[in-house]
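Visitor: I work at the bench and would like a close look at one part of this protein. Please take me through its salt bridges, and then through the parts of the fold around them.

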Amino acid sequence: MNTPHAQPGRMAAAVAIALLHMGAAHAQDAQAGAAPAADGLNMERVVVTGTTGGASKMKSSVSVSTMELSTMLQTAPSSAADVLRAVPGLRAEASGGEGNANITVRGVPISAGGSRYVQIQEDGLPVLQSGDFNFITPDSYVKIDGTLDHLEVVRGGSASTLASNSPGGIINFISKTGTEKGGSVGISRGLGYDQTRYDFDYGAPLSERTRFFIGGSYRSGEGVRKTGVNSEEGGQIRGNITHELDNGFIRLSFKHLDDKSPTALPVPVQVSNQRISEIPGIDPRTVSFYSPYWVRDVTLDKNNNHVSSDVNDGLRVRSNALGLEASFKLGEGWTLSENFRKSENSGRFIGVFAANNGALGNYIFATGPNQGQAYQGRAFSAVVFNTSIDDAGNTLSDTKLAKTFQLDGAKLTATAGLYSSLQKLGLTWNFNEYLMQATGDKPALLQTASATPGLIGPAFGACCSRAVDVEYKLLSPYLNLGLERGDLNVDASLRQDRQRASGTANIATAATRYEAATVQTVDYKIDHTSYSVGGNYKLDRNLAVFARASDGVAFNADRILFGAPLDGSAPISINTVKQLEGGVKWRRGPVSVFATLFQAKTKESNYEATTQLSTANSYDAKGVELESAYSAGAFRVNGGLTYTRAKITGTAPGQEAIIGNTPRRQAAVVYQIAPSYELGDASFGVSLIGTGKSWGDDAHTIILPAYRVVNAFLNYQLTPQAQLSLSANNLFDRIGYTEVESDGHAARAISGRAVKVGLKYAF
């Protein structure tokens, strides 16, 4: 295994120097007041995310990045989180497979999982209202294919008031709508691993005022990680139809997603002198512990019936959604808009978690071709996280009424909005524990005292057979005032989030039966008022400065179940983030730079399923975020660097020893740089994504080493319509640990090298 001892200080300095050097190169040849020759950061692009009516990057007072679909696809991403690793300021731990990713921003903590403080959207509405539901994260329902037009990411800023449960930022995947006639079909194949994928998309006008778009993808195979079975199968189809009116537009959209893929959980490792090392035969980059030699996992449903599941099904997601988007100019400066979507979401999460790192001994094979024969080697306790996503459907609506007032030499736009959502959460947990051969090559189960091959019994002291049926209703009125006077833009906004939670939760007695006497009633109300105020001033057409202060909230959902009373008789904990930020946007000739100083103070409460520990911590993070681009003819380079100093400032009684420590998994330096070049019919490039070392736990006993990942692509235009592509994710097969259990017995890493070849035909 190639584990580089990276030198993050040198690498960060090199990236920073390279980015800053862009500002000097060729700048002497550009006139100070001239329009940019090639604005690599696309500062004039109108951004709709985190705004009430859309504003260009140059005019807005938020830190925002955009990424085109072509850029997303160049790194052969295996998931939405893979794409997000290339966005400055974001920390995306893309190590969970095609879903179950941990995502945050600017030193705001990842304490358990998911994206608690960052909202993931499709076309301006959240995929799930909470980003950190246990075993169901919004990125699981987002697929990267030709149905996407581009990505917009707002960090901090107005995300606190223009969306709910998003104080850290908003990640908005925006769809194509058929504005350009044409489409494409494509096929790709993994090299060195079993995966075949098909893509298509097409859009065109139906009449002078009506257009449509439809597209999707389908793939099957084993996937990048070793499973020994056909563990990837499925895809999605999405479409919309838009009708333009004299005073606006109406758009109807749909989505059908049915997909399964393996999920990656922490695998057995060893820790010595704070350092992680692999166990022979278990490669954290490739192993999954799915295997053709599993038995059916028999669990309990909410009606005390037994259900049999195929462990190799992995992460199964289903979604059927219908949407309506409309905007009308009512006259005299008034505009009314509506964004509505109803989604039926469900599925199942089955992953194999290492409960220990095993022991050498003499065992007997219970399954597989060697069943009944002796096995001498290492075995470990494999816990099957088997969670049925019974219902994660939601109904979402965002209605806005805006009016623009023409003042003396200025323009004032007032926007009043009402956001409402109904998020259902029906989950059934079951954790069974098995004895498993410690190998990454089609592991078999080993004999135990149970009549079921390999079964030890319910895991973690029968803690985790749980039934959840809760609804979260959210009503959020908000108001935004934006003033534009010459080169000055100022805005201020307020939002009050009012949440009502109702339903039940239960733990099965001894993991064998749900009893009415143990039902926990959920019935509480909670609210929070958030604010954001900022300003942007253009010193000239190519230079602007901005500043902003914000306060936002992320409400807890199922992570506070089974703890304090939730029937309204006790206070309900919430998670808050207060932020200050300020920066500069500059462009000259072929160079553009976006730099932001930030501070984020977070207060949160949390529960971890794997440790069964509740925490209540406070954090303070300060840093700088740099994004830059440079282009000269056929050459182009984009890059980013985020430097963060974060510390734990408060904690629950009895845990004071961690105060002052750097939060777990928070590296001081994260960086990206991506040069590319066009040469005739060929285009090629690489992207380097790196992170400095961090601590794997709040107590600072285990180190997560620094690592660097190189992705690469080569596209060749065979004809004006046909393109051949070769792309590689993690080209040099580096190992990068993203998390480790606090006792050091298991860790999770990014996947190893994945190279694929594709052929695409455009028409």
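Guide: Here is a walk from pair to pair, with a look at the surroundings along the way.

First, a word on the model: it is predicted, so local features are given only at pLDDT of at least 70 and side-chain atom pairs only at pLDDT 80 or more, whereas totals for chains, interfaces and linings use all residues. Residues are numbered from 1 along each chain as its sequence is written, and side-chain values rest on heavy atoms, with hydrogens and water left out.

Searching the whole structure gives 40 salt bridges. The term stands for a side-chain nitrogen of Lys or Arg within 4 Å of a carboxyl oxygen of Asp or Glu.

Let us start with R665 and E93, whose side chains form a salt bridge at 3.0 Å, N to O. This pair links distant parts of the chain, 572 residues apart: R665 sits in the loop between β33 (635-650) and β34 (669-679), and E93 in strand β4 (residues 90-93). Strands here are DSSP runs of E with at least two residues, helices are runs of H or I with at least four, and both are numbered from the N terminus. R665 has 8% relative accessibility and therefore counts as buried; E93, at 6%, counts as buried too. The scale is simple: buried is under 20% relative accessible area, exposed is over 50%, and partly exposed lies in between, with a 1.4 Å probe and protein chains only.

Next come R155 and E625, whose side chains meet at 2.8 Å, N to O. R155 belongs to strand β8 (residues 148-155) and E625 to strand β32 (residues 613-632), so this salt bridge ties together parts that are 470 residues apart in sequence. Both R155 and E625 are buried.

It is worth pausing at the strand that holds R155. β8 is part of an open sheet of five strands with mixed pairing, in the order β3-β8-β9-β6-β7. The edges are β3 (63-68) and β7 (125-126); each has a single partner strand, so one side of each has no neighbour in the sheet. Two strands count as paired if DSSP finds at least two bridges between them. Between β8 and strand β9 (residues 169-175) there are seven bridges, in the antiparallel sense, and R155 faces G169 of β9.

This region also brings us to the largest nonpolar core, which has 67 residues; I136, L151, I171, F173 and Y524 touch the most other members. A core of this kind is a set of buried Ala, Val, Leu, Ile, Met, Phe, Trp, Tyr and Cys residues joined through side-chain atoms within 4.5 Å. Leaving out residues up to four places away in sequence, F173 touches A80, L84, I120, Q121, E122, D123, V142, I144, L148, H150 and L151. Contact here means heavy atoms within 4.5 Å.

The third pair is K260 and D313, with a salt bridge of 3.6 Å, N to O. K260 lies in strand β14 (residues 248-261) and D313 in the loop between β18 (306-309) and β19 (315-331), so parts that are 53 residues apart in sequence are tied together. K260 is buried, because its relative accessible area is 14%, whereas D313 is partly exposed at 25%. Besides such pairs there is a network, in which salt bridges with shared partners join E98, K143, R219, E232 and D259.

The strand that holds K260 has a neighbour to look at as well. β13 and β14 run antiparallel and are joined by 13 bridges; G239 has F254 in β14 as its bridge partner. β13 and β14 make a hairpin, with two residues between them. Strand β13 (residues 232-245) is also joined to strand β12 (residues 210-223) by 12 bridges, again antiparallel, and T210 is partnered by H243 in β13.

To recap the three pairs: R665 with E93 at 3.0 Å, R155 with E625 at 2.8 Å, and K260 with D313 at 3.6 Å.
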